[in-house]
Amino acid sequence: MDNRTIAAISTALSEGGIGIIRISGGESFDIVNRIFRDKAGKASLLSFKTHSIHYGFIYDGDDLIDEVMVSVMKAPNTFTREDIVEINCHGGVLVCRKILELVLDKGAFLAEPGEFTKRAFLNGRIDLSRAEAVMDLISSKNSSALTNSVNMLRGRLYDRIRSLREKVLYEIAFIESALDDPEHISLDGYPEKFSKTVDEIYAEVMRLYDSFDKGRFIKEGINTVIVGKPNVGKSSLMNLLSGHERAIVTEIPGTTRDTIEEQINLGEVSLNLIDTAGIRETDDRVENIGVERARRFLDRSDLVLFTIDTSVPLTEEDRQIASLSAQKKVILVLNKSDREPVVSAEDVRDLIPGDPPVVRVSALEGTGVKKLTSVIREMFLSGNISSESEVYITSIRQASELKAVSESLDMVRKSLEEGLPEDFYSIDLNNAYSGLSRIIGEQVDDDLVNEIFSKFCMGK
Amino acid sequence: MSDISNNHLNIDTDVCVIGAGHAGCEAGLACARLGLDTYIFTVSIDSIALMPCNPNVGGSSKGHLVRELDALGGEMGKNIDKTFIQSKMLNVSKGPAVHSLRAQADKSEYSRSMRRVLEKEERLHVKQAEIVKILVNDGSITGVITNTGTTYHCKAAVIASGTYLKARCLCGESITYTGPSGLQAANSLSASLIENGIRLRRFKTGTPARMEGASLDYSKMEEQFGDERVVPFSFSTDPESVQKEQVSCWLTYTNEETHKIIRANLDRSPIYAGVIEGTGPRYCPSIEDKVVKFAEKERHQVFIEPEGLYTDEMYVGGMSSSLPEDVQLAMYRTVPGLENCRIVRNAYAIEYDCLESGQLKPTLELKAVSGLFSAGQFNGSSGYEEAAAQGLIAGINASMKIFGREPLVLDRSEAYIGVLIDDLVTKDNREPYRMMTSRAEYRLLLRQDNADLRLRGFGHDIGLVSDEVYGKTLQKEKMINEEIQRLKSTILGGDAVTQEFLASHGSALLRTGTSLAELMCRPELSYEELLPLDPGRPDLPSDVIEQVCIQIRYEGYLERQEIQVRQFKKTEKKLIPESIDYDDVPSLRIEARQKLKEFRPVSVGQASRLSGVTPADISVLLVYLEQYNRKTVD
């Protein structure tokens with residue numbers, strides 16, 4: 001397998017902060033020995049105790065580069081199960097890069113994205129669900145995403161799935177034992193009891209599965225589209241959101257050429273606003289109707305901000321947009337609330353079934369964003385999202401396995417309903433069990449290898 | 001083909017089978033029927049196909065083995081069809097996967113009938129002799145030597161020594177060094193096997209007492225009848241030929257008094273007193289084990305079964321024991337109906353040498369000695385049916401080896417026999433292995449009713465199933481498929497006759513065109529009941545109709561199971577190159593590395609079933625193989 005020693009800057013590059021260069025592999029100590037000297041002017045990393053940290057300096061030949069702390073971790077009790085050295089330096093981006101170049105110059109190879117994780121996985125240090133969490137950690141965008149990754153890394157997902165899996169196994173074992181030893185293990189009254197257990201397991205699987213959306217919202221943000229007929233104030237809502245003091249706006253190129261997405265980070269909630277360019281342009285172009293926009297972008301959205309001008313009466317166009325949005329999560333945003341209303345909140349609520357939340361904003365006065373944020377949070381991340389005990393599914397692999405598990409459990413319920421003999425439960429229970437096992441890497445098949453290879457971009 | 005040198009007889013043959021029990025008989029018959037000159041050796045010619053324990057064949061999952069064996073061309077199914085005295089399809093209230101046939105045998109007739117079959121077989125010779133030594137040259141078997149010094153030179157051999165190797169029987173404090181039923185033990189072969197690098201271990205099993213039938217009071221027991229319409233075991237047996245008068249069995253129960261006596265005397269049981277070193281089966285436990293392990297149970301079932309029509313002796317199923325004679329009598333006499341029982345033969349436990357079965361290839365050939373195969377209780381299994389199934393496979397593969405042909409290895413998705421052998425060769429079995437329904441992951445496909453459809457083709461390829469017999473199976477398959485197609489494509493509309501019929505059967509009326517197959521899936525309707533709506537129905541044999549009904553009624557389940565099988569086959573087909581050096585695979589745990597080096601599994605699937613190899617090890621192995629293959633492609 002890959003025996004190269006690899007190195008990378010393992011902290012975000014920012015001016016002034018501490019940067020860490022991580023080196024992993026059999027030659028880590030040799031490489032760092034060539035550039036590091038302690039106060040006495042000498043050093044042999046190999047002589048240091050494992051998991052110890054040492055003060056000293058990095059030299060390029062005779063030139064002093066930086067004052068550093070060096071952590072020494074010896075195999076196998078390290079993240080990658082290889083020898084690891086971490087150089088903590090102080091000098092900001094340029095010095096960090098300089099030290100990395102030095103390390104590469106002395107024989108290390110630049111690590112590919114996720115390569116430390118890959119080694120941890122390949123060396124049996126972590127299972128796939130943990131490896132996925134590390135990948136999430138690297139790319140997490142906001143504070144709750146970070147917490148979720150850390151939780152998953154600690155094995156919370158692992159533990160939750162494991163306990164579900166044990167419940168399923170218990171039932172499988174019970175049914176099988178009863179088939180093999182009917183004299184001592186009776187199935188009298190079992191279907192009733194079992195039916196309850198299946199419902200419980202099913203509910204928990206669905207909870208985890210539903211958390212996938214939550215997890216995705218936390219990790220990637222909520223895909224949001226602003227709709228409404230022309231001139232209701234879509235662009236001013238847009239400006240209001242992006243201009244809010246807490247919001248950080250980043251422009252991302254859209255998936256189609258004529259759209260622009262912006263990510264607006266409102267603290268714990270991130271919104272990916274779809275087609276912001278469209279909004280900005282359309283308000284000037286009367287011929288571009290709101291219905292068309294709604295139709296184009298509803299598919300891709302998790303959240304519809306349906307903007308309504310309360311100072312003018314509702315029209316057929318409002319109703320059309322409403323009917324298109326009915327299947328989505330909708331917030332009715334009443335704009336221009338600073339003007340005399342001719343439309344009441346009740347009128348607006350009647351537009352969409354299911355009693356969607358209504359939020360009044362005034363783009364002009366800059367009010368209502370706080371309320372809107374809390375409504376969104378309530379809608380998508382209900383419960384206490386900052387709680388450390390919650391676990392969210394964030395990978396598509398996990399989510400699709402959970403979906404399959406729930407379908408298998410559904411089949412079991414169907415067998416129960418149709419009154420089939422107990423031995424028929426086993427096929428679908430076993431499928432559920434396998435699915436749960438695959439999520440936590442307790443069962444591996446060929447597909448997994450392909451996934452690992454694609455996920456970690458492993459070469460030959 | 002014999003000559004005398006050094007005052008000893010030398011005889012040339014093709015195959016030597018050591019033992020004439022259920023494994024030995026099947027092995028010997030298979031070899032001879034495939035055209036090889038074959039000798040079967042037994043310590044007593046009167047113990048051919050002996051049933052030293054229970055007087056029945058089949059039962060849950062074991063019935064499946066017998067039917068599979070029959071489909072492949074084995075003898076057990078035919079022999080029990082000739083000699084049964086009661087027959088029953090078990091678990092009929094459950095799904096078709098767990099239906100299982102069990103027949104009470106006339107023990108003596110079963111044994112005699114099998115002896116006649118062996119004797120009639122051309123090229124098959126039965127010889128009363130104890131084999132004391134195997135001859136190995138350059139890692140290959142070359143012959144066996146009898147206790148009288150005669151050498152049989154052979155190209156392959158099958159060990160089917162049952163419980164005879166260094167056997168000793170225990171009945172409380174009394175120990176006798178004999179095989180079952182007081183037959184002579186075989187005390188020399190073990191040493192010869194060990195000399196050739198084969199590792200043995202000790203297992204134990206037990207049998208209950210036999211009673212004088214006249215001493216029992218049947219009025220205190222529940223009578224257990226056979227089925228009104230008997231289904232034969234063998235697919236070749238004419239169903240009409242097995243409709244005959246049957247005898248009854250009887251059910252009674254132990255009680256607190258029984259359990260009290262057992263508990264009070266546990267210290268006199270050789271197992272609990274630590275005298276027995278062998279490991280006993282968990283699934284066929286002695287009454288002592290049941291009382292200890294199911295302490296909360298107030299009673300256990302006791303089946304009183306006739307040993308045959310030739311005798312009044314009755315078998316006491318469910319109460320095997322190694323307690324001393326005085327305790328046995330006291331214990332049995334607490335059971336209703338057994339108050340005045342007189343014991344003909346005492347219950348006893350038997351301990352014997354057998355193989356650590358991880359030393360076998362999936363063909364049942366020993367890895368250590370080329371051409372040496374083994375089967376049955378010697379391989380660490382328990383039960384007549386398990387033994388017979390292995391005997392047949394060992395016989396087939398010994399023959400294939402001699403012919404230079406591909407061996408027959410059935411996988412877990414093809415047969416219970418595949419499950420049995422795979423478990424024996426990959427799992428670390430610490431007690432006698434008994435076939436059980438739960439061991440077969442794909443049991444909905446591996447039903448006893450379709451064993452012919454699954455396996456006749458294999459038997460035909462091997463040469464044990466004639467063209468004529470195989471042709472009948474193909475014909476049956478064709479009829480099944482055509483009838484399913486017909487039922488699926490016969491669409492009923494909402495005409496008055498149909499609606500009236502449905503209404504009268506409490507079934508929902510049709511709103512759109514619906515096929516007969518769809519109607520059959522309604523729990524309130526069946527194939528038979530739908531006859532009035534199906535004027536075009538052909539006249540089909542009952543076994544064809546059975547298959548049609550199962551395949552239509554359970555179609556969704558069968559499909560899901562087939563998907564599981566495809567997934568399973570993927571890892572089975574992921575072969576591990578023979579040249580692999582497990583020391584080169586980084587990060588395998590030490591235990592896994594040892595197991596993999598020792599077993600050298602042929603596929604990732606097999607590797608994943610080895611005891612001591614975890615999923616984490618498999619993922620490491622898969623990743624290694626992927627990289628290995630990518631390199632090799634370059």
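**Stop 1: chain B, coloured by confidence**

Colour chain B by pLDDT: this is a predicted model, and the mean pLDDT of chain B is 93, with 96% of its residues reaching 70 or more. For the complex, the predictor gives an ipTM of 0.85 and a pTM of 0.78.

Now show chain B as a cartoon. You can follow 19 helices and 25 strands. Turn the chain around: along its principal axes, the C-alpha trace of chain B spans about 90 × 80 × 55 Å. How does the radius of gyration of chain B agree with that of a compact globule? For 634 residues, a compact globule would come out near 26 Å, and chain B has 27 Å, so the two agree. Of the 634 residues in this chain, 50% count as buried. Among contacts in chain B with a separation of 6 or more, 72% are between residues 24 or more positions apart.

**Stop 2: the domains of chain B**

Give each domain its own colour. The domain assignment of chain B has domain 1 (2-53 + 107-206 + 352-432), domain 2 (210-350), domain 3 (481-560) and domain 4 (574-633). Notice that domain 1 of chain B is written as three segments, 2-53, 107-206 and 352-432.

Keep domains 1 and 2 of chain B on screen. Their C-alpha centres lie 29 Å apart. In the contact, 21 residues come from domain 1 of chain B and 27 residues from domain 2 of chain B. Which elements should you select on the domain 1 side of chain B that touches domain 2 of chain B? Those giving two or more residues are helix H4 (107-120), strand E13 (168-171) and strand E15 (200-207) of chain B. E15(B) supplies the largest share of this side, five residues. By class, this side of domain 1 of chain B has eight nonpolar, six polar and seven charged residues.

**Stop 3: two helices of chain B**

Select residues 325-332 of chain B, which form helix H8. Show the side chains of B:Gln328, B:Met331 and B:Tyr332, which are buried. Look down the axis of H8(B): its buried residues fall within an arc of 90°, so they line one face of the helix. A little helix geometry helps here: an α-helix has 3.6 residues a turn, so residues three or four places apart point the same way. What do the buried residues of H8(B) pack against? Add helix H6 (256-264), strand E20 (313-317) and strand E21 (343-345) of chain B to your view to see their partners.

Next, select helix H10 (416-426) of chain B, which is mostly covered: ten of its eleven residues are buried. Among them are B:Tyr416, B:Ile417, B:Leu420 and B:Asp422. The buried residues of H10(B) pack against helix H2 (62-72), helix H9 (384-403) and helix H18 (604-609) of chain B.

**Stop 4: a loop residue in chain B**

Zoom to B:Ala49, in the loop between strand E4 (38-42) and strand E5 (56-58) of chain B. Its backbone has a positive phi of about 50°, although B:Ala49 is not a glycine. Is B:Ala49 buried or exposed? It counts as buried, because it has 27 C-beta neighbours inside 10 Å.

**Stop 5: over to chain A**

Switch to chain A, which has 16 helices and 14 strands. Of its 460 residues, 41% count as buried. The mean pLDDT of chain A is 77, and 73% of its residues reach 70 or more. Within chain A, confidence is highest in helix H1 (residues 28-33), at 93, and lowest in strand E9 (residues 248-253), at a mean of 49. Also select residues 383-389 of chain A, where pLDDT stays under 50. Where pLDDT is low, the predicted coordinates should not be read in detail.

**Stop 6: loops of chain A**

Select the loop between strand E5 (63-73) and strand E6 (84-89) of chain A, where A:Pro76 is found. A cis peptide bond joins A:Ala75 and A:Pro76, with omega about 5°. The E5 to E6 loop of chain A also holds A:Arg81, which has a positive phi of about 65° although it is not a glycine. A:Arg81 is partly exposed, because 19 other C-beta atoms lie within 10 Å.

Finish at A:Arg300, in the loop between helix H10 (290-297) and strand E12 (303-309) of chain A. It has 15 C-beta neighbours inside 10 Å, so it counts as partly exposed. Not counting residues up to four places away in sequence, A:Arg300 touches A:Asn223 and A:Ile274. Try drawing a C-alpha to C-alpha line from A:Arg300 to A:Val225: they are 75 residues apart in sequence and 8.5 Å apart in space.

Terms used
Residues are numbered from 1 along each chain as its sequence is written. Chains are lettered from A and ligands numbered from 1 in the order in which they are written. A residue is buried if 20 or more other C-beta atoms lie within 10 Å of its own, exposed if 12 or fewer, and partly exposed in between; C-beta atoms are placed from the backbone. Helices (H or I, at least four residues) and strands (E, at least two) are DSSP runs, numbered from the N terminus. The arc is that of the directions from the helix axis to the C-beta atoms. Two residues are in contact if their C-beta atoms, placed from the backbone, lie within 7 Å. pLDDT is the predictor's confidence in each residue, from 0 to 100. Domain bounds come from an automatic or database domain assignment. Ala, Val, Leu, Ile, Met, Phe, Trp, Tyr, Cys and Pro count as nonpolar, Asp, Glu, Lys and Arg as charged, and the others, Gly among them, as polar. The radius of gyration is taken over C-alpha atoms; the globule rule is 2.2 Å times the number of residues to the power 0.38.
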